[in-house]
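Reader: Hi, I'd like to go through this structure with you. Can we take it in short steps?

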Amino acid sequence: MRNYDLVVIGAGPAGMAAATTAASQGLNVALIDEQRQAGGQIYRNIGTPVLSDERVLGPDYYYGRELARKFSEANVDYLSNATVWEVSDSHLCLSIDGESRRIGFTRVLIATGAQERPVPFPGWTTPGVMTCGAAQIMLKTSGLAPNGPLVIAGSGPLLLLVACQLSRAGIEIAALLDTTPKHNYRAALKHLPGALRGWRYLLKGTRLIAELRRKGVKPLNGVSQLNAVTDEDGNLTGVCFRHNGTEQTVACSSLLVHQGVVPNVQLTRSLGAEHSWDELQQCWRPTLDTFGETSVPNVYVAGDNAGIGGALVAELQGQLTATRIAMQAGQLNAEAFAHMSRALQTQIEQQLAIRPFLDQLYTPAPEFLRPADETVVCRCEEVTAGEIRNLAKTGCAGPNQAKAFCRAGMGPCQGRLCGLTVSQLMAEASDRPVPEVGYYNVRSPIKPVTLAEVAGVHPASESLQADS
Amino acid sequence: MSAAAKPGSVKAEVTVIGGGLVGLAVARGLQDQGLNVAVVDEGDIALRASRGNFGLVWVQGKGDTCPEYARLSRLSATLWQDFANGLAEHTGIDVQLSQIGGLYICLTEQELEQRRIMLEAMRDAQQGDYPFEVLDHDALKAKVPEIGPTVAGATHSPMDGHVNPLLLMRAMVQRFTDRNGQLITTGPVTKIESNPGRFVVHSGDQVIESSRVVLAAGLGNRELAPQVGLSAPVSPNRGQVLIAERVKHFLDYPTGHVRQTGEGTIQCGDSKEDVGLDTGTTTDVMATIAHRAITMFPLLAKVRLIRSWGALRVMTPDGYPIYQQSEQYPGAFLVTCHSGVTLAAAHAGPIAEWIASGVADPSLSLETFHADRF
Amino acid sequence: MPTDSNFKRLPANAAAEVVIWVEGKPLKARAGESVAAAVLAAGLGPTRTTPVSASPRAPYCMMGVCFECLMEIDGQENTQGCMTTVAEGMQVQFQRGIRNVPEVEDNA
Ligand SMILES: Cc1cc2nc3c(=O)[nH]c(=O)nc-3n(C[C@H](O)[C@H](O)[C@H](O)COP(=O)(O)OP(=O)(O)OC[C@H]3O[C@@H](n4cnc5c(N)ncnc54)[C@H](O)[C@@H]3O)c2cc1C
Ligand SMILES: Cc1cc2nc3c(=O)[nH]c(=O)nc-3n(C[C@H](O)[C@H](O)[C@H](O)COP(=O)(O)OP(=O)(O)OC[C@H]3O[C@@H](n4cnc5c(N)ncnc54)[C@H](O)[C@@H]3O)c2cc1C
Ligand code: FES
C-alpha cells in the first residue's frame with residue numbers, strides 16, 4: 001500500500017490549490033479525482049476547452065486555466081478517473097477502471113465540492129428534465145446545448161449564469177421561471193449592508209439579469225407549483241405552473257431546473273464526522289475548526305463541501321487548510337503559519353460577505369424542500385413524499401427507520417437525491433426541527449463498486465497482486 | 001394521528017422496554033392476549049440488531065449443545081407461517097417469508113465433514129427427528145446451478161427459510177400501533193422503579209406505569225436487568241453485512257452467507273452461527289465477505305455493492321437466550337436472544353403466553369434459559 | 001428511437017472523433033466526452049427503465065450523483081454513462097428494468 005503525508009480527494013479549485021500548496025511546503029501529496037481532468041465542477045474540462053467562442057462561458061471559467069497549470073507543475077501524484085469509495089482516518093479505497101486498491105495517508109483533505117440540491121416536483125423524473133448544472137457540464141465537456149423549446153425553472157445564481165451562458169451561445173429560452181419566493185427579497189434586505197462588502201458579486205448578479213433582459217429573456221417572478229407535462233408516451237411536452245394566481249403551461253422539450261447547490265457530505269458522514277444543520281443554506285455541513293479540521297483527527301475539509309462559498313473561497317480554503325497541515329506536519333513554523341493564514345483568512349472573509357444575502361434570497365420555496373404528497377422523492381426506489389409523511393405519522397422515529405421501512409435511499413444513488421428531502425419531510429410531519437430528525441447513516445461504499453473490487457482490496461489479495 | 005404518546009405519564013398493563021424484533025414480537029403476543037401494552041424504545045439511531053440482520057428463519061445447527069434451544073428454534077420456525085399470515089392480514093405487508101429450506105454452504109471438504117458430524121449428533125439428540133441432508137458439490141449444483149466450482153458442498157435442511165427483516169420490522173410496528181399499542185420513542189429507559197406488582201419506567205420526560213414489565217432492550221438489558229432483580233450478561237458481537245444492487249432473480253434458497261431478497265438485492269454476510277467477524281478493520285472484513293460471496297457464486301463478481309453495515313449481535317456467554325421472571329419483583333420479565341428473527345413467532349406465541357399468565361408451558365423448559373446458568 | 005435531438009453541437013475547437021456502438025448502431029462522438037452526452041447529442045433514449053415500475057429515465061445530473069444514466073457499457077450493466085468517457089468501439093446498450101446477472105463460464 002502506498003503511503004502519503006497528505007491525500008487530497010477532489011480536483012476542484014479547493015483540491016488543486018491545497019495539493020499545490022502542500023507540495024510546495026515539501027509534503028508528499030497525492031490528489032485523487034473521479035473526473036478525467038482536473039478542474040472540478042466550475043472548471044470542468046479546463047485542460048481542453050471545447051467551445052471556440054470563449055465569451056459563452058466567460059472569464060470566470062478560463063480563470064481556472066492558471067490554477068490547473070500551477071497544479072500540473074506541482075510535485076503531486078495525480079490520479080484521475082479514480083473514485084474514492086471508502087475512507088478511514090488512515091487509508092482509503094479507490095476504484096480506477098474497475099480495479100480497486102488502497103492508499104494510506106497521515107492526513108486526508110476531502111474537497112469533494114457540492115452537488116445541486118435535489119429539486120423534487122411532480123414530473124421531475126421525466127426524460128428531458130435535467131439540472132442547470134447538467135446543461136453546463138454538457139456545454140463545458142461536449143459543446144452541447146439544449147435545442148428546441150427550452151424552459152429554465154428554479155432559483156439561484158447558477159441558474160442565472162447558465163441561462164446567460166446558453167443565451168450567449170444563441171440558444172433561445174422560451175421561458176425563465178423564477179421560483180424565488182417573493183418574501184425572500186424582503187428577508188434578504190437585512191443582509192444587504194454586509195453584502196455590500198461583496199459588491200463585486202452583487203454587480204455580477206445584476207449584470208447577468210440585465211444581459212438576459214437585453215437578449216429578450218424576461219424572467220417570470222414568483223412562479224410556483226411547477227409540474228412537468230408529458231404526452232401519453234411519457235415524453236416531455238411542457239411545463240405547467242402558477243404565476244400571478246393563474247395556471248399556465250409553456251411547451252418545451254427540455255426543462256432545466258435548479259435550486260442552488262449543497263455540500264457533498266457523503267465522505268465526511270461515512271467517517272462519522274460531526275455535521276450541523278445550516279438553516280440559512282438548508283443543508284448539512286461538517287463541523288470544522290477555523291482551519292478546516294473535522295471532528296475526526298487528521299481528516300480535513302476545504303471547498304464547497306465545507307459549506308457553499310463558491311470557487312474563489314474554495315481555492316483560498318484549500319490554501320489555508322494545506323498551510324495548516326504543513327504546519328502540523330512540521331514543515332512550517334508557527335510564525336510563518338500565522339502570517340500566511342491571517343492573510344488568507346482576511347480574503348476568505350471578504351469573499352464570504354455576500355453569502356448571508358445570497359443564501360437568504362435564494363432559500364428554496366417550501367414546495368421544493370417539502371414537496372406535495374404525490375411527488376416522487378426517492379428516484380431510485382420510487383418512494384413518494386406522501387409515503388414518507390405517513391411513516392412519520394405512524395411513529396417512525398427518523399430517516400434511518402424510514403429508509404428501512406420504505407427503501408427510500410437504498411438505491412444506487414445512495415440517498416444523494418432524497419436524503420435532504422426525507423429529513424425535511426419527517427421534520428415537518430413530526431413537528432420537530434430538522435437537526436433533531438437527523439440524516440441517513442452514510443456508510444461505505446460511498447459509490448457502488450463491484451464485489452470483485454471489494455474482494456480485491458483484501459490485504460491477502462493485495463500482496464498476491466504485488467507478488468505476481 | 002400518531003400512536004406515539006406525548007410526553008407525560010402513561011399507564012399500561014404491560015410495559016415492554018425495547019422496540020426491536022424481540023420487544024415487538026412479545027408486545028404483539030401480549031396484545032393478542034388482550035393486554036394493553038406500551039413499548040418504550042430509543043430514537044432513529046440506536047444499537048438495533050433488528051435493523052441490521054440477515055433475515056434468516058434458521059434452524060439447522062442451532063442448539064448443537066442445547067437440545068432445548070434446538071427444539072425452541074424449530075418450534076418457532078413451524079409457527080412462522082401463521083405469524084406472517086397474521087401480519088399480512090392486519091397490515092397488508094407481505095414479509096416475503098419463504099421456507100423452502102436453507103443451504104449452509106461449505107467451501108472445503110473438511111468444513112462439510114465437520115458440519116455433517118455436528119448435524120448427525122443433533123439428530124441423535126432429537127431422537128432422529130431432525131431432517132437434513134448433506135450435498136456434495138454435484139448435488140448442490142443440481143439444486144443451485146450458479147454455485148462456484150470450488151465449493152465443496154452444503155448441508156440442506158427443509159426446516160430453514162428467510163424473510164425480509166425490514167418489512168418485518170415495519171409490519172410489526174404498524175400492527176402494534178394499529179392495535180392501539182403505545183409506541184414511545186423518547187429514548188433510553190434510564191430508571192425502573194420496582195415494587196411488587198407495580199413498575200414505574202422512566203424514559204426522558206415520560207413516565208410509564210404498569211403492573212408488568214418486560215425487558216427486551218437487546219444490549220440495553222445488561223444495565224436494566226439489575227434494577228428488577230435480574231441479570232443479563234449480554235455483550236455485543238459485531239457482524240457486517242453487504243448489500244449489492246438488484247439483479248434478476250437467480251437464488252431461491254437462503255444460505256448462511258448469501259441470500260437474494262424479494263426486491264432482487266443480494267445480501268452477503270454472516271448469519272450468527274458463523275465465524276466471528278469482529279476482528280480486523282471494516283475494509284478487511286468487507287473484502288473477506290465479498291471474496292467468500294464470489295467464491296460461492298462467481299456470477300456476483302461484477303455485481304455492485306451498494307451498502308454495508310455492521311450490527312451488533314446480542315450475545316450471552318453461551319449464545320442461548322435468557323427467559324426469566326424476577327423472583328425479587330414478580331411481574332418483571334427478561335427476554336433476550338441472538339436470533340430474534342427466527343424466534344419471533346415463538347416470542348409472539350408461547351413466550352408471550354407465559355408472560356401474560358405467569359405460567360410457562362412445561363415443554364418449553366424455560367428453566368434451561370435462566371441466567372443463573374452463568 | 002427518435003433521432004431529432006433535443007441538443008445541438010455548438011461551434012467547437014477541433015477534437016478527434018470516436019465511434020461508439022449504441023444499441024448496435026454506430027454513433028460518432030467527440031473524443032473526451034461522456035457516453036451520456038454522446039447519447040443525448042444523438043437524440044437517443046430513454047436510456048433505461050426503472051427496476052421498480054419500468055418508468056423511463058434519462059441522464060439528469062451529468063455529474064455522477066443521480067444514477068439515472070445507468071447503461072450497459074462494454075458488457076457491464078448499471079454503469080454510469082455520465083462518468084464514462086467514450087472510447088473507440090465501445091458497446092453501449094440501454095437497460096430495461098432490473099439488471100441481469102452476468103453468465104459465468106463454467107470451468108468446473
Ligand atoms: C454542476 C455544478 C456546476 C457549477 N458551476 C459553477 C460555475 O459555473 N460557476 C461557479 O462559480 N460555481 C459553479 N458551481 C459551484 C461550485 O461548487 C464551486 O464554484 C466550485 O466548483 C467548488 O469548488 P470545490 O473545489 O469545492 O469543488 P468542485 O469543484 O466541485 O470539485 C470537487 C471534485 O471532487 C471530485 N469528487 C467528488 N467525489 C469524489 C470521490 N468520491 N472520489 C473522487 N473524486 C471525487 C469531483 O470529481 C470534483 O472534481 C457549480 C457547481 C455544480 C455542482
Ligand atoms: C449481522 C447480524 C445478522 C443477524 N442475522 C440473523 C438472522 O439471520 N436470523 C435471526 O434470527 N437473527 C439474526 N440476527 C439476530 C437478530 O437480529 C437479533 O436477535 C434481534 O434483532 C434482536 O432483537 P432485540 O429486539 O433483542 O434487539 P435489538 O434489535 O438490538 O433491539 C433492542 C432495542 O431496544 C432499544 N433499547 C436499548 N436499550 C434501551 C433502553 N435502555 N431503553 C429503551 N430502549 C432501549 C434499542 O433502541 C433497540 O430498539 C442477526 C444479528 C446481526 C447483528
Ligand atoms: S446523469 Fe446523474 S449520475 Fe449520470
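Reader: How much area is buried between chain A and chain C?
Author: This is a predicted model, so keep that in mind. The area buried between chain A and chain C is about 3,600 Å². Carbon and sulfur atoms give 58% of that area.

Reader: Which three residues of chain A supply more of its buried area against chain C than any other three?
Author: They are A:Leu144, A:Arg379 and A:Glu382. Together they supply 15% of the area that chain A buries against chain C.

Reader: And how many residues are in contact?
Author: On chain A, 45 residues are in contact with 37 residues of chain C.

Reader: What about salt bridges across the interface of chain A and chain C, how many does the rule find?
Author: The rule finds one. A:Arg379 and C:Glu68 meet there through their side chains, at 2.6 Å from N to O.

Reader: How many residue pairs are in polar contact between chain A and chain C?
Author: The count is 15 residue pairs, with both residues at pLDDT 80 or more.

Reader: Which element gives the largest share of the side of chain A that touches chain C?
Author: That is H4(A), with six residues. Helix H4 covers 132-142 of chain A. Other elements giving two or more residues include strand S7 (114-116) and strand S15 (254-259) of chain A.

Reader: What classes of residue are on that side of chain A?
Author: The side of chain A that touches chain C has 24 nonpolar, 13 polar and eight charged residues.

Reader: Which strand of chain C does S9(A) pair with?
Author: S9(A) pairs with strand S1 of chain C, residues 7-9. The sense is antiparallel, over three bridges. In that pairing, A:Ala145 stands opposite C:Lys8.

Reader: New topic. Where is A:Asn305?
Author: A:Asn305 is in a loop of chain A, between strand S19 (299-301) and helix H10 (311-328).

Reader: Is A:Asn305 buried or exposed?
Author: A:Asn305 counts as buried, because its relative accessibility is 1%. The cut-off for buried is under 20%.

Reader: What does the side chain of A:Asn305 reach?
Author: The side chain of A:Asn305 reaches the backbone oxygen of A:Ile110 at 3.1 Å. A polar contact of 3.4 Å also joins the side chains of A:Asn305 and A:Thr112.

Reader: Which residues is A:Asn305 in contact with, leaving aside neighbours within four places in sequence?
Author: Among them are A:Ala111, A:Gly113, A:Pro263, A:Asn264, A:Val265 and A:Pro286. A:Ile110 and A:Thr112 are in contact with A:Asn305 too.

Definitions and conventions:
Residues are numbered from 1 along each chain as its sequence is written. Chains are lettered from A and ligands numbered from 1 in the order in which they are written. This is a predicted model: local features need pLDDT of at least 70, side-chain atom pairs count only at pLDDT 80 or more; totals for chains, interfaces and linings use all residues. Side-chain values use heavy atoms; hydrogens and water are left out. Helices (H or I, at least four residues) and strands (E, at least two) are DSSP runs, numbered from the N terminus. Buried means under 20% relative accessible area, exposed over 50%, partly exposed in between (1.4 Å probe, protein chains only). A polar contact is a pair of N or O atoms within 3.5 Å; within protein, one must be able to donate a hydrogen and the other to accept it, and residues adjacent in sequence count only if both atoms are side-chain atoms. Contact means heavy atoms within 4.5 Å. Buried area is the accessible area (1.4 Å probe) that two parts lose on being put together, summed over both. A salt bridge is a side-chain nitrogen of Lys or Arg within 4 Å of a carboxyl oxygen of Asp or Glu. Ala, Val, Leu, Ile, Met, Phe, Trp, Tyr, Cys and Pro count as nonpolar, Asp, Glu, Lys and Arg as charged, and the others, Gly among them, as polar. Two strands pair if DSSP finds at least two bridges between them.
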